[in-house]
Amino acid sequence: MLIILRLTYLLTKPNHGTPMNTKEINMTVTTTELNDLFRYCGDIGMFATDRPINDTENHTGSCDHRTDYCDDTCYNVKLYKMYPNMSKRDDRCETIWQKLDKTNSDFTDFFSRKHKDTSRVRHMTRGEAFKKAIDVYRVKTMCLLNPDQLWWIPTRAWRDTRLKALIEKELMPLDNCAVNASFDPSNTDEEWKLMIDSDWNIMFYGDDNLTSDPVYGKRMFKCPKTWKKMSGHCNDCKAGCFAQKTINRTQIVHLSEH
Ligand code: SF4
């Protein structure tokens, strides 16, 4: 009888599918910290997080899956030099990010107090959301505990075979998680084929003259924010980065350089 009860408990216990809470340590995240982590970005019309690109005072950088093109062109590198406080904030954000687990990732009250729209939230505007496998579970926990938000995550973690498979298994089935594979001109035809064949929504940046994918010749979707200068449009956009979740179709989104 005891065994049956124990089995029933294990099968019904809500764990949100994440293995990261086995120690059940409750780490408090204050409202001040959440205000630091989620900053409002007018150009995309939503709240967004950041992680450090390179090493900071207390943390290692998150962009482990970056390409040579990232190293050559990332505009944040220049901004870090102009605004030293950026790196300090990234360091604080990383501390908060690493604390997030199922005991502190229900942001319902926090978002309900915001005057700006919180129906869509982005990870990240700089840095990589999925540096390691634990980040996939971290994001999954956030999605499950905050079903009123549509979480948008452009990522280069697809370049890691294990992370790609984990994202497909844990996040792709979620209704409120829009994952985009970030692409640039350094990506190979094999990589284009792999990700198109894997049905990922793709976000391409770095060559305004490339208007269709190099493998199947599928026409890219011109991002309204960057091509038509529609600032804040990401919050309403259906046919671009959110297409997989809003119109049930994958898209190759083309961001203009200018
Ligand atoms: S395609 Fe839509 S969601 Fe994506 S960056 Fe452009 S405006 Fe924003």
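Strand 7 and strand 8, the latter spanning residues 252-255, pair in the parallel sense, and two bridges join them. One of the residues involved is K222, whose bridge partner in strand 8 is H254. I should say at once that this is a predicted model.

Let me place that pair in its sheet. The sheet is open and has eight strands, in the order 1-2-3-4-5-6-8-7, with mixed pairing. Strand 1, residues 39-41, and strand 7, residues 221-222, stand at the edges; each has a single partner strand, so one side of each is left without a neighbour in the sheet. Across the protein chain as a whole, the secondary structure comes to eleven helices and eight strands.

I turn next to the ligand. Its surroundings consist of C223, P224, K225, H233, C234, C237, G240, C241, F242 and V253. By character, this shell divides into seven nonpolar residues, two polar residues and one charged residue.

V253 also belongs to the largest nonpolar core, which has 48 residues. V253 is among those with the most contacts inside that core, together with V139, W151, A178, I202 and M203. What does W151 touch, if we do not count residues up to four places away in sequence? The list is V121, H123, V139, M142, C143, N176, C177 and A178.

Finally, two figures describe the protein chain overall. Of its 258 residues, 34% count as buried. Among contacts with a separation of 6 or more, residues 24 or more positions apart account for 72%.

Technical notes
Residues numbered from 1 in each chain as written. Predicted model: local features only at pLDDT ≥ 70, side-chain atom pairs only at ≥ 80, totals over all residues. Pairing = 2+ DSSP bridges. Helix = DSSP H or I, 4+ residues; strand = E, 2+ residues; numbered from the N terminus. Core = buried A, V, L, I, M, F, W, Y, C linked by C-beta atoms within 7 Å. Buried ≥ 20, exposed ≤ 12 C-beta atoms within 10 Å, placed from the backbone. Contact = placed C-beta atoms within 7 Å. Near = placed C-beta within 6 Å. Nonpolar A, V, L, I, M, F, W, Y, C, P; charged D, E, K, R; others polar.
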